[in-house]
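These entries record what I looked up in one structure. I took burial, pairs of positions, surface and pockets in turn.

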Amino acid sequence: MLVFSFYFIFGLIMLYYGAEYLIDSGKKIAYIFNISPMVIGITIVAFGTSLPELFVSVFFSKLH
């Protein structure tokens, strides 16, 4: 039980820092290429938030 609690807390921490990194990187990309932050938000950030779900779906579909 303690191990699962550790995994959960570790996952939450990694999720937070991963989201912060994704947002900061999106801002930098928008600034470097002189693109509207809205376009970056629609493309890169949307892809980045959907990628974990895609990974889990593909991983668990191969198990069954």
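Entry 1: burial. I first fixed the term: a residue is buried when its relative accessible area is under 20%, exposed when that area is over 50%, and partly exposed in between. I also noted that the model is a predicted one.

I looked up Ala30, which lies in helix α1. Its relative accessible area is 7%, which is under the 20% cut-off, so I entered Ala30 as buried. I then took the C-alpha to C-alpha distance from Ala30 to Ile40 and found 6.3 Å, for a separation of 10 residues in sequence.

Entry 2: the loop. Is Asn34 buried or exposed? I found a relative accessible area of 73%, and because this is over 50%, Asn34 is exposed. I placed Asn34 in the loop between α1 and α2. I also checked its backbone: phi is positive, at about 55 degrees, although Asn34 is not a glycine.

Entry 3: Ser5. I located Ser5 in helix α1, which covers residues 2-32. The relative accessibility of Ser5 is 31%; this falls between the two cut-offs, so I listed Ser5 as partly exposed. From Ser5 to Ser25 I obtained 30 Å between C-alpha atoms, with the two positions 20 residues apart in sequence numbering.

Entry 4: the nonpolar patch. Which residues make the nonpolar surface patch of about 790 Å²? I listed Phe8, Ile9, Leu12, Ile13, Leu15, Tyr16 and Tyr17. Of these I looked up the place of Ile9, and found it in helix α1. Tyr17 is likewise placed in helix α1. With a relative accessible area of 54%, Tyr17 passes the 50% cut-off and is therefore exposed. I paired Tyr17 with Leu51 and found the C-alpha atoms 16 Å apart in space, the two residues being 34 apart in sequence.

Entry 5: the largest pocket. I searched for empty space next; rolling a probe the size of a water molecule over the atoms shows where such space is left. The largest pocket has a volume of about 250 Å³. Two elements, α1 and α2 (37-63), each give two or more residues to its lining. I recorded α1 as the element that gives the most, with 6 residues.

The lining consists of Met14, Leu15, Gly18, Ala19, Leu22, Ile23, Val45, Gly48, Thr49, Pro52 and Glu53. How many residues of each class are in this lining? I counted 7 nonpolar, 3 polar and 1 charged. I noted last that Leu15 is named both in the pocket lining and in the nonpolar surface patch.

How values were computed. Residues numbered from 1 in each chain as written. Predicted model: local features only at pLDDT ≥ 70, side-chain atom pairs only at ≥ 80, totals over all residues. Heavy atoms only, no water. Patch = residues over 30% accessible without salt bridge, like charges linked within 9 Å, V, L, I, M, F, W, Y side chains within 5 Å. Areas by Shrake-Rupley, 256 points an atom, 1.4 Å probe, with all protein chains shown as cover. Salt bridge = Lys/Arg side-chain N within 4 Å of Asp/Glu carboxyl O. Helix = DSSP H or I, 4+ residues; strand = E, 2+ residues; numbered from the N terminus. Buried < 20%, exposed > 50% of the residue type's maximum accessible area, 1.4 Å probe, protein only. 1 Å grid on protein atoms, 1.4 Å probe; cavity = no way out; pocket = protein on both sides within 12 Å on 5 of 7 lines; lining within 4 Å. Points joined across faces, edges and corners; volume = space filled by probe spheres on them. Nonpolar A, V, L, I, M, F, W, Y, C, P; charged D, E, K, R; others polar.
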